[in-house]
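Visitor: Please give me a close look at one part of this structure, the place where its pieces pack together and the space left there.

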Amino acid sequence: MNYFPLLKLAHLVLYFFIAAQGAFYLLGFYKVLSGIPSHDFILLRKAADPVLAPHLKILYILTLLVSLLILATHFRAFPVSTLVLLSAAMLLLGIDIFVALRVSEPLNKVITSISEPFTNAASIHRNWLRQIYLRAFFSVGGFILLLLAYLRNI
């Protein structure tokens, strides 16, 4: 049985959800979050992180595993140009995950643990926005590379 079309579809769908989050920030939510008071931003993140984080962690892990599986099982089937694009997409996903683990997670822990009057809220607000904007470029860029890789083999 040829499972590759199903695996490719899963890869695209999983990566799409990651990139959609990035695109959401790039297309305007970054500006929305930049414009709200830091106190309100902290309240929003305190409410959002416990709901979203567990799902996003699973999504990122699954996407990385499917990326690795595709490269490992179809390494010889792809032309070099497709392999380069798939590898670059996976690299950008890896960089996004690295930034999430090194910057986002620690910031989210700080946000979760601080209490009123949210001292340092402005600094946390700026740092969080900076890292999410950077991560948005990695996720959207990786998805574009993934699309180009698969479009080359239609």
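Guide: From the N terminus on, the chain runs α-α-α-α, and its secondary structure amounts to 4 helices and 0 strands (DSSP runs numbered from the N terminus, helices being H or I of at least four residues and strands E of at least two). This is a predicted model, where local features need pLDDT of at least 70 and side-chain atom pairs pLDDT 80 or more, while totals for chains, interfaces and linings use all residues. Residues are numbered from 1 along each chain as its sequence is written, and side-chain values use heavy atoms, with hydrogens and water left out. The C-alpha trace of the protein chain spans about 60 × 25 × 20 Å along its principal axes.

The part to look at is helix α4 and what surrounds it. Helix α3, residues 80-113, and helix α4, residues 121-151, have axes that come within 8 Å and cross at roughly 160° (axes are lines fitted to C-alpha atoms over the stretch in contact, and angles run from 0 to 180 degrees between N-to-C directions). α3 and α4 are therefore roughly antiparallel to each other (over 145 degrees; under 35 is roughly parallel, 65 to 115 roughly perpendicular, the rest oblique). The contact of α3 with α4 is made by 20 nonpolar, 8 polar and 2 charged residues (nonpolar: Ala, Val, Leu, Ile, Met, Phe, Trp, Tyr, Cys and Pro; charged: Asp, Glu, Lys and Arg; polar: the others, Gly among them).

The loop between α3 and α4 holds Pro117. Glu116 and Pro117 are joined by a cis peptide bond, with omega about 10°. Phe118 also has its place in the loop between α3 and α4. The phi of Phe118 is near 55°, which is a positive value in a residue other than glycine.

Helix α1 is another neighbour of α4: the axes of α1 and α4 come within 8 Å and cross at roughly 145°. In the contact of α1 with α4 there are 23 nonpolar residues, 6 polar and 1 charged. The model has 11 aromatic pairs (Phe, Tyr or Trp rings, Trp by its six-membered ring, with centres within 6.5 Å; planes under 30 degrees apart are stacked, over 60 edge-to-face, the rest tilted). In one of them, the ring centres of Phe16 and Phe143 lie 5.9 Å apart with the planes at 65°, so the pair is edge-to-face. Phe16 belongs to helix α1 and Phe143 to helix α4, and the pair links distant parts of the chain, 127 residues apart. As for α1 and α3, they pack at an angle of about 40° with their axes 13 Å apart, and that makes α1 oblique to α3.

Next comes the space between these helices. The whole structure contains 1 cavity of 30 Å³ or more (on a 1 Å grid over the protein atoms alone, points where a 1.4 Å probe fits but cannot get out; points join across faces, edges and corners, and volume is the space filled by probe spheres set on them). The volume of the largest cavity is about 30 Å³. Its lining consists of Gln21, Gly22, Tyr60, Asp96, Ile132, Arg135, Ala136 and Ser139. Of the helices, α1 (4-35) and α4 each supply at least two residues of that lining, and α4 gives the most, with 4 residues. By type, the lining of the largest cavity divides into 3 nonpolar, 3 polar and 2 charged residues.

The largest pocket holds about 590 Å³ of space (a pocket is an open set of points with protein on both sides within 12 Å along at least five of seven lines, and lining residues have an atom within 4 Å of a point). It is lined by 27 residues, and those nearest its centre are Gln21, Ala53, Leu56, Tyr60 and Arg135. Each of α1, α2 (38-73), α3 and α4 contributes at least two residues to the lining of the largest pocket. Here α2 provides the largest share, 12 residues. The pocket lining is made up of 17 nonpolar, 5 polar and 5 charged residues. Gln21, Tyr60 and Arg135 thus appear both in the cavity lining and among the residues nearest the centre of the largest pocket.
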